[in-house]
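Work through the exercises below with the sequence and the model open side by side. Each task is followed by a solution in steps.

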Amino acid sequence: MPQRLVIAWSPVVDERDDDTVDLSRAVGLDGDALVEFEGDFPSPVTLSLEHGSVGKGGSATAVALYIDAERRGTDVASLIAIGGALWKVIERVTRRRGAGITLNDDATFATRHR
């Protein structure tokens with residue numbers, strides 16, 4: 001059964017198109033980068049770039065990387081490998097964008113950038 005994970009970044013100036021995000025200008029997340037990132041995962045994944053949002057209520061637009069991962073088995077090693085691949089992707093994209101990910105806390109209305 002695939003698991004859907006999402007990583008969101010607030011848009012940088014070059015990606016903004018009025019009140020939306022132009023995904024074709026997403027810094028660090030072009031088609032070549034997505035192919036590169038797929039190789040970081042231990043099992044087959046499908047990566048897609050989509051419009052996302054951060055916050056609750058008056059949420060803001062975001063650039064969202066969706067990761068549909070096939071997790072074979074439920075062993076700890078599999079989870080560690082997927083987590084390691086996620087951090088690797090986050091570090092590379094954050095470095096390319098010059099801005100960290102946006103974290104939401106589901107228990108509150110808090111949103112922070114990392």
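**Exercise 1. Find how many bridges join β1 to β5, and in which sense the two strands run.**

Solution. In this predicted model, β1 and β5 run antiparallel and are joined by eight bridges. To fix the register, take Trp-9: the residue opposite in β5 is Val-63.

**Exercise 2. Work out the order of strands in the open sheet of three strands, and name the edge strands.**

Solution.
Step 1. Start with the other pairing of β5, which covers residues 60–70. β4 and β5 pair in the antiparallel sense over 10 bridges.
Step 2. Check the register of that pairing. Thr-46 has Asp-68 in β5 as its bridge partner, and Ser-48 stands opposite Tyr-66 in β5.
Step 3. Put the pairings together: the order is β1-β5-β4, with antiparallel pairing.
Step 4. Name the edges. β1 (2–9) and β4 (45–54) each pair on one side only, which makes them the edge strands. From one strand to the next, the twist averages 25°.

In general, the strands of a sheet pair through backbone hydrogen bonds, in a parallel or an antiparallel way.

**Exercise 3. State which strands helix α1 and helix α2 touch where they pack on the sheet, and at what angles.**

Solution.
Step 1. Helix α1, residues 31–38, packs on the sheet and touches β4 and β5. The direction of α1 makes about 120° with that of β4.
Step 2. Helix α2, residues 76–97, also packs on the sheet, where it touches β1 and β5. The direction of α2 makes about 25° with that of β1.

**Exercise 4. Check the length of α2 against the expected span, then list the buried residues of α2 and what covers them.**

Solution.
Step 1. With 22 residues at 1.5 Å a residue, α2 should span 32 Å. The end C-alpha atoms of α2 are 31 Å apart, so the two values agree.
Step 2. Just after α2 comes Gly-98, with a positive phi of about 75°.
Step 3. Taking under 20% relative accessible area as buried, the buried residues of α2 are Ser-78, Ile-82, Ala-85, Leu-86, Val-89, Ile-90, Arg-92, Val-93 and Arg-97.
Step 4. The cover over these residues includes β1, α1 and β5.

**Exercise 5. Identify which residues of the largest nonpolar core touch the most other members, and which elements supply this core.**

Solution.
Step 1. The core has 23 residues, and those touching the most other members are Ile-7, Leu-29, Phe-37, Leu-65 and Ile-67.
Step 2. β1, α1, β4, β5 and α2 are the elements that give two or more residues to this core. The largest share, six residues, comes from α2.
Step 3. Follow one member outward. Leaving aside residues up to four places away in sequence, Ile-7 touches Val-63, Ala-64, Leu-65, Ile-67, Leu-86, Val-89, Ile-90 and Ile-101.

Nonpolar side chains tend to be buried together in soluble globular proteins.

**Exercise 6. Describe the protein chain as a whole: its pattern of helices and strands, and the percentage of its residues that count as buried.**

Solution.
Step 1. The protein chain has two helices and seven strands, in the pattern β-β-β-α-β-β-α-β-β along the sequence.
Step 2. Of its 114 residues, 35% count as buried. The protein chain exposes about 6,800 Å², of which carbon and sulfur atoms supply 53%.

Notes. Residues are numbered from 1 along each chain as its sequence is written. This is a predicted model: local features need pLDDT of at least 70, side-chain atom pairs count only at pLDDT 80 or more; totals for chains, interfaces and linings use all residues. Side-chain values use heavy atoms; hydrogens and water are left out. Two strands pair if DSSP finds at least two bridges between them. Helices (H or I, at least four residues) and strands (E, at least two) are DSSP runs, numbered from the N terminus. Axes are lines fitted to C-alpha atoms, for helices over the stretch in contact, and angles run from 0 to 180 degrees between N-to-C directions. Contact means heavy atoms within 4.5 Å. The expected span of a helix is 1.5 Å times one less than its number of residues. Buried means under 20% relative accessible area, exposed over 50%, partly exposed in between (1.4 Å probe, protein chains only). A nonpolar core is a set of buried Ala, Val, Leu, Ile, Met, Phe, Trp, Tyr and Cys residues joined through side-chain atoms within 4.5 Å. Accessible areas come from the Shrake-Rupley method with a 1.4 Å probe; for residues, only the protein chains shown count as cover.
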